[in-house]
Amino acid sequence: MNLTINAEMLKVGKRWMPYILFVLLVAGVAVVVWLFGYVAYKEDQNFQEGQKALRTFAYPWTITALLDNGQFWGTIIFVAIFTSSTMATEYSWGTVRQAIVRGQSRAAYLATKLLGTTIICAAALLGALGVGLLFSAWASAAAGQPITLDVADGPSVPELGLSAWPSLGDQPR
Amino acid sequence: MHNSEVPVLKTSRLSKRFGKRLALAEVDLEIRPGRVYGFLGPNGAGKTTAISLILGLLSPTGGHVELFGLDTRNHLSECLRRTGAVLEGVSFYPHLSGRDNLRVCAAISGGGCESRIGEVLELVGLTARARDKERGYSLGMRQRLAVAAALLHDPELLVLDEPTNGLDPAGMRDFRELVRRLAGAGKTVFISSHLLNEVEQMCDDVGIIKEGHVIAEGPVAEMVHQADVMEMTVTNADAALEVLSQIDWVGLVTRDGSDRLSVEAPRARAAELSRALAENQVYLSELRPRETTLEDFFLEVTSPEDKR
Ligand SMILES: Nc1ncnc2c1ncn2[C@@H]1O[C@H](COP(=O)(O)OP(=O)(O)O)[C@@H](O)[C@H]1O
Ligand SMILES: [Mg+2]
């Protein structure tokens, strides 16, 4: 099991696609934080709009902004493409049969493959989120905003977690 | 190491039907340890089907397969652990190097054979190109990489489905040498092919399959020298006929020309034959055994229905 996951990492790690995908994710995050956030905040004279822009990069709102952003989730479609492409190439390369004649069941082989792909996708998404949070910290410092999870008159951290939750799935409130 | 009584591979009345088409009809094969067995037949004869059944990639319509004396219906994983296979149309990951592809194969095999990668690369002669991406390999190199992958877990039996398809003559020669080397190392090799001279040069035994039926099976040497017939050119054919008719171990004698005869007699007694003729003042200007080549045999058994 562990070995086949390792093999999966070896196979994926030497393709271009995951790196390009990750760069696109980071680019999306940069656009959100810097362009829609920092630049919009600096340029906008309108107070309302400025506050909206501020909330895309200032802590703690940046967390929900990054998770909630359509562009961020849009990249998940990319992830789906990545997953299906690795699956499809596996079949067209005829490598699954090679595994079967080595005594693996088709289901077990594909399951470990799916697990490996899931791990890679999760790592890429979390990595991009981490980069986004770093960007936000940088942008906040540049804009002279505090870097804190607590907001005066705002929701507490646990409440914030709850408000971020629905964006992860279709959980009822 | 091997119990020579137990065939490494044995099929019993193995049959496979695809819808209405009978691809394999009650095939009985038996491969002895340490032999190179050629499974010879024209395209569409059922070779790949038989190999898929042997390796459990397909399930038979009837009959069963035994590997190492174990029924694959109950012991498939143990059987596959001791078998290496090169399948038709199986390829590698083009973006990985030869060595990395073997790493992937080692992981799939359950580990423990990672340490053999260098050894099998050496065996198939790919050490120098092991760091290059598979994408840049020639067909012959790919086939050798496939054999390396099949050898990783040190199997007793190798099953190769048309491994020399598409190779140039030099590639074929290298491959033949590789197979002979493996046989020399005690492996049993089952190799399918539609090329007769390839089987003739590389295999100890041959099974000929046509339209799903195995129509002949036996050692290559026996099929090549099937009949003990000698051709001779003599000084006096009439006298020779007279002399030969007196010898009780001489069978049928036929006259091929004014001074040429075909004589059915054991090849080992050729010297005796020429002495008997000389004692009667009949002299030989030529005496040679007639070789029925495997090709003659193959054409004979496969041609009638091929001429459509
Ligand atoms: N999956 C399949 N479905 C239907 N017919 C098949 C299938 N596989 C093979 N056949 C048929 O079975 C026969 C034997 O094919 P195959 O074993 O591939 O021949 P060979 O490997 O000797 O060239 C052919 O007539 C082929 O068309
Ligand atoms: Mg075939």
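# Working through chain B

B:Glu88 comes out as partly exposed, with a relative accessibility of 34%; on this scale buried means under 20% relative accessible area, exposed over 50%, and partly exposed in between (1.4 Å probe, protein chains only). The model is predicted, so to speak with its own filters: local features need pLDDT of at least 70, side-chain atom pairs count only at pLDDT 80 or more, and totals for chains, interfaces and linings use all residues. Residues are numbered from 1 along each chain as its sequence is written, chains are lettered from A and ligands numbered from 1 in the order in which they are written, and side-chain values use heavy atoms, with hydrogens and water left out.

## Exercise 1: the metal

Find the protein donors of the magnesium ion (ligand 2) and place them in the chain.

*Step 1.* Look for donors, meaning N, O and S atoms within 2.8 Å of the metal (3.2 Å for Na, K and Ca); water is not among the atoms, so sites may look incomplete. You should end up with B:Thr48 through OG1 and B:Glu88 through OE, at 2.0 to 2.7 Å from the ion.

*Step 2.* Now place the two. B:Thr48 sits in helix H1 (residues 47-54) of chain B, while B:Glu88 is in the loop between strand S6 (83-86) and helix H3 (98-108) of chain B, so this pair, 40 residues apart, links distant parts of the chain. Helices (H or I, at least four residues) and strands (E, at least two) are DSSP runs, numbered from the N terminus.

*Step 3.* Check accessibility. B:Thr48 has a relative accessible area of 26%, which makes it partly exposed.

## Exercise 2: the sheet

Work out the strand order of the open four-stranded sheet in chain B, then examine S11(B).

*Step 1.* Count two strands as paired if DSSP finds at least two bridges between them. The order is then S12-S13-S11-S14 in chain B, with antiparallel pairing.

*Step 2.* Pick out the edges: strand S12 (253-255) and strand S14 (284-289) of chain B each pair on one side only. From one strand to the next, the twist averages 20 degrees.

*Step 3.* Go through the neighbours of S11(B). Five bridges connect strand S11 (residues 229-234) of chain B to S14(B); B:Met230 has B:Pro289 as its bridge partner there, and B:Glu231 has B:Arg288. Five bridges also pair S11(B) with S13(B) in the antiparallel sense, where B:Met232 is partnered by B:Leu261.

*Step 4.* Split the residues by face. In a regular strand, side chains alternate between the two faces of the sheet. On one side of S11(B) you get B:Val229, B:Glu231 and B:Thr233, on the other B:Met230, B:Met232 and B:Val234, all of them buried.

*Step 5.* Add the helix. Helix H10 (residues 270-279) of chain B lies across S11, strand S13 (260-264) and S14 of chain B, at about 30 degrees to S11(B). Axes are lines fitted to C-alpha atoms, for helices over the stretch in contact, and angles run from 0 to 180 degrees between N-to-C directions.

## Exercise 3: the interface

Describe how chain A meets chain B.

*Step 1.* Using contact as heavy atoms within 4.5 Å, 20 residues of chain A touch 25 residues of chain B.

*Step 2.* The buried area is about 2,200 Å², with carbon and sulfur atoms giving 65%; that is the accessible area (1.4 Å probe) that two parts lose on being put together, summed over both.

*Step 3.* One salt bridge is counted between the chains, where the term needs a side-chain nitrogen of Lys or Arg within 4 Å of a carboxyl oxygen of Asp or Glu. A:Lys14 and B:Asp100 form a salt bridge, with their closest N and O atoms 2.6 Å apart.

## Exercise 4: salt bridges in chain B

Compare the settings of the B:Glu162–B:Lys47 and B:Glu286–B:Arg260 pairs.

*Step 1.* B:Glu162 and B:Lys47 have their closest N and O atoms 3.4 Å apart. B:Glu162 is in the loop between strand S7 (157-161) and helix H6 (169-184) of chain B and B:Lys47 is in helix H1 of chain B, so the pair ties together parts 115 residues apart in sequence. B:Glu162 is buried at 6%, and B:Lys47 is buried at 4%.

*Step 2.* For B:Glu286 and B:Arg260 the closest N and O atoms are 3.7 Å apart. These residues lie in strands S14 and S13 of chain B, so parts 26 residues apart in sequence are tied together. B:Glu286 is partly exposed at 32%, and B:Arg260 is partly exposed at 27%.

*Step 3.* Finish with the network: salt bridges that share partners join A:Lys14, B:Asp100, B:Arg103 and B:Glu114.
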